Amino acid sequence: MSKHYRIGVMFSTTGPYSIVARSMLNGALLAVAERPASDITIEPVVVNPGGDLASYAALSRDLLRADIRHVVGCYTSSSRKEVIPCFEKHDALLWYPSHYEGFESSNNVIYTGASPNQHVLPLVDHALATIGSSAFCIGSNYIWAWENTRIFREAMTARGARVLAERYVAVGDTEIDQVVEAILEARPAFVFNNLIGTSNYAFFRSFRAACVKRGIDQPKVIPVVSCTLSEPELEEIGTDAVDGHLSSSVYFSSLATPANEVFTRAYHEAFPEGPPTSADAEASYIAMKLLILSLAEVGTDDVEAVKQAATRQHLLAPQGEVRIDPQTLHAYLTPRIGRSNASSRFDILVEAPGPVRPDPYLVQSSPRYAVATRSSSLRVVK
């Protein structure tokens, strides 16, 4: 007899970061459609918090009180922090599919996005080796940008480099010209960008326009480096400002692997209206695939049983091999750095030779943040 499982899927497909969230929803639903042949059926229960922080907690309670034990969802760190107490109270499991700032420990979360040693530290090393030793940091005014900038700043300081200034704007704020002027006055070697959603798109357009007005070749003179920039966002930035930006990620849609070719083809067939595939869409796809494989293995949605089964899975994902570290419940992932091009895609510049163990607390760096884990050294691709 087939077993039926209801799985929560919670992404803000409306609101200031809806473009990325829609790609994440698509990734999760694609994994449901591709479920392995077995005696289980999956019913996704989709909810949309609309980018409203209070709605995340309320919708989480609704899902868990409806006897749903597993939820794939959340994009921002503030939304994840908002719902974790609810998952801990109800002994449920949040499958969190987004890069994040680390320094968190919950037995009720499995993380399938990049940890700091898989995206921040490789970006610092690459920027200092290829661009320069001074940075101006900008970000959206919430925990992701604060903490990611802190890690970046300490990594820069440990390497003898400088952070000239930090500026934060409210999530969704598009009045960005004052920050642009501050950057041009400071003249850093590069900008470290932790903006999200509509603020991010406005910044890239405004910064490029201001540089063009002054005769500055922005990508060459003051490049922007990010840990969040993805393909759906490149399309939102627009053709006048889309090229020449660096992004540190574990997945790019341009990856030339058989698994990624299958993934991107299936994704575009299922969602022809987009948004395109991205690291966040892939992380959501991975979370749902691992959850379904674990449910099929243990034959129950019991949280502890599924959690243990998840650490036994080895998934050939679009980015390469992915598995969950049983110590931290974070994923082994493959760091890469890409440069955006005029086609709203990324040319991959360097990549790690294989999956890197997650180090969400950066305890493997000694002295603190001084060097990235040796196994995460990147090799030149292009």
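**Reading two open sheets in a predicted model**

Tutor: Let us begin with one pair of residues: L94 stands opposite V109 in strand β5. The model is predicted, and local features need pLDDT of at least 70 and side-chain atom pairs pLDDT 80 or more, while totals for chains, interfaces and linings use all residues. Residues are numbered from 1 along each chain as its sequence is written, and side-chain values use heavy atoms, without hydrogens and water.

Student: In what sense do β4 and β5 pair, and over how many bridges?

Tutor: Strands of a sheet pair through backbone hydrogen bonds, either parallel or antiparallel. Here, strands are DSSP runs of E of at least two residues and helices runs of H or I of at least four, numbered from the N terminus; two strands pair if DSSP finds at least two bridges between them. β4 and β5 (residues 109–111) are parallel, with three bridges. Three bridges also link β3 (residues 70–73) with β4, again in parallel, and V72 has W95 as its bridge partner in β4. Between β3 and β4 the chain passes through helix α3 (residues 77–89), and this β-α-β crossover is right-handed, that is, clockwise from the first strand over the helix to the second when the strands point away from the viewer.

Student: Which residues of β4 lie on each side, and are they buried or exposed?

Tutor: In a regular strand the side chains alternate between the two faces of the sheet. In β4 (residues 93–96), L93 and W95 occupy one side and L94 and Y96 the other, and all are buried, where buried means under 20% relative accessible area, exposed over 50% and partly exposed in between, with a 1.4 Å probe and protein chains only.

Student: What is the strand order of this sheet?

Tutor: The open sheet has five strands in the order β2-β1-β3-β4-β5, with parallel pairing. Because β2 (40–47) and β5 are at the edges with a single partner strand each, one side of each lacks a neighbour in the sheet. Helix α1 (residues 18–33) packs on the sheet and touches β1 (3–10), β2 and β3, its direction making about 165° with that of β2. Such angles run from 0 to 180 degrees between N-to-C directions of lines fitted to C-alpha atoms, for helices over the stretch in contact. Helix α3 lies across β1, β3, β4 and β5, at about 165° to β4.

Student: Why does K307 count as buried?

Tutor: K307 counts as buried because its relative accessibility is 8%. K307 belongs to helix α12 (residues 303–310). Apart from neighbours within four places in sequence, K307 is in contact with L93, N107, I110 and L329, contact meaning heavy atoms within 4.5 Å.

Student: Which strands does α6 lie across?

Tutor: Helix α6 lies across β6, β7 and β8, at about 170° to β6. These strands belong to an open sheet of eight, ordered β7-β6-β8-β9-β10-β14-β15-β16 with mixed pairing. Its edge strands are β7 and β16 (379–380), each pairing on one side only. β6 and β8 are parallel, joined by five bridges, and G139 stands opposite N194 in β8. In α6 (residues 177–186), V179, V180, A182, I183 and L184 are buried; the elements covering the buried residues of α6 include β6 (134–140), β7 (162–169), β8 (190–194) and α7 (197–213).
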